[in-house]
Amino acid sequence: MLSGMGHPHERAFYRVVFPRFLRPNLRIGNESYPVVDLSEHGVRFMSPLGGGDLPIGARIVGVIDLPTEQPVDVEGIVVRRAGNEVAVALARGVPFGVMLDQQRFLQQRVLGFR
């Protein structure tokens, strides 16, 4: 989705939402978290502690293990926690080409994926 279209729910960057059975992992230190969705400049993932171990404003440095790529190094700040989900704004994120590769991978493996 591209920004500038005027719709209130549009996002500034293209985002891939991963089905539960194909979620990559975000590794932060010794912990591993399943990625719910990913964009060039953001990641949302599940945390069993509801993100209590990652407070808003915390700086994270980690690696995302994507199914079609070499691991991608990421770095950012926790910006939101809701339930068991944590959202991070990435200062060092995922290249757009890698995002497109993820979309193609999911389209080939998941019926009805768009």
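## Burial and packing in a predicted seven-strand, one-helix chain

At 11% relative accessibility, S39 counts as buried. S39 is placed in strand β3. Its C-alpha atom is separated by 9.0 Å from that of L90, and the two residues are 51 apart along the chain.

The model described here is predicted. Mean pLDDT over the chain is 84, and 83% of the residues reach 70 or more. Residues 1-11 are a stretch where pLDDT stays under 50. For residues 1-11 the model has 10 contacts beyond four places in sequence.

**Overall arrangement**

The chain has seven strands and one helix. Read from the N terminus, the order of the elements is β-β-β-β-β-β-β-α. Of the 114 residues in the chain, 39% are buried. When contacts between residues at least 6 apart in sequence are taken, 48% of them join residues at least 24 apart.

**The nonpolar core**

In soluble globular proteins, nonpolar side chains tend to be buried together. Here the largest nonpolar core has 27 residues. L38, V43, F45, I64 and V88 are the residues with the most contacts inside this core. Two or more residues each come from β2 (25-28), β3, β4, β5 (59-65), β6 (72-82), β7 (85-92) and α1 (96-109). The element that gives the most to this core is α1, with four residues.

**The aromatic pair**

One aromatic pair is present in the structure. Y33 and F45 form this pair, which is tilted, with 5.0 Å centre to centre and 50 degrees between the planes. Because Y33 lies in strand β3 (residues 31-39) and F45 in strand β4 (residues 42-46), the pair ties together parts that are 12 residues apart in sequence. Both partners are buried: Y33 has a relative accessible area of 4%, and F45 has a relative accessible area of 0%.

Setting aside residues up to four places away in sequence, F45 touches L26, I28, Y33, P34, V35, V36, L54, N84, E85, V86 and V88. The pairing partner Y33 is thus one of the residues on that contact list, and V88 is named with F45 among the residues with the most contacts inside the core.

**Helix α1**

The 14 residues of α1 should span 20 Å at 1.5 Å a residue, and the end C-alpha atoms are 20 Å apart, so the expected and modelled spans agree. V98, M99, Q102, Q103, F105 and L106 are the buried residues of α1. Seen down the helix axis, these buried residues fall within an arc of 165 degrees, so they line one face of α1. They pack against β1 (15-17) and β3.

Q102 belongs to helix α1 and is buried, at 0% relative accessibility. Beyond residues up to four places away in sequence, Q102 touches V16, F18, L66, P67, T68 and E69.

**Two further buried positions**

S47 lies in the loop between β4 and β5. This loop residue is buried, with a relative accessible area of 1%. Apart from its neighbours within four places in sequence, S47 is in contact with Y33, D53, N84 and V86. Y33, N84 and V86 also appear among the residues that F45 touches.

G62 is found in strand β5 and is buried, with a relative accessible area of 6%. Its C-alpha atom is separated by 9.6 Å from that of E31, a residue 31 places away along the chain. Not counting residues up to four places away in sequence, G62 touches L26, R27, I28, V72, D73 and V74. L26 and I28 are also on the contact list of F45.

**Burial of the residues discussed**

| Residue | Element | Relative accessible area |
|---|---|---|
| Y33 | strand β3 | 4% |
| S39 | strand β3 | 11% |
| F45 | strand β4 | 0% |
| S47 | loop between β4 and β5 | 1% |
| G62 | strand β5 | 6% |
| Q102 | helix α1 | 0% |

Each value can be set against the cut-off for burial, which is under 20% relative accessible area.

Note on methods: Residues numbered from 1 in each chain as written. Predicted model: local features only at pLDDT ≥ 70, side-chain atom pairs only at ≥ 80, totals over all residues. Heavy atoms only, no water. Phe/Tyr/Trp six-rings, centres within 6.5 Å; stacked < 30°, edge-to-face > 60°. Buried < 20%, exposed > 50% of the residue type's maximum accessible area, 1.4 Å probe, protein only. Core = buried A, V, L, I, M, F, W, Y, C linked by side-chain atoms within 4.5 Å. Contact = heavy atoms within 4.5 Å. pLDDT = per-residue confidence, 0-100. Expected span 1.5 Å × (residues − 1). Arc of directions from axis to C-beta.
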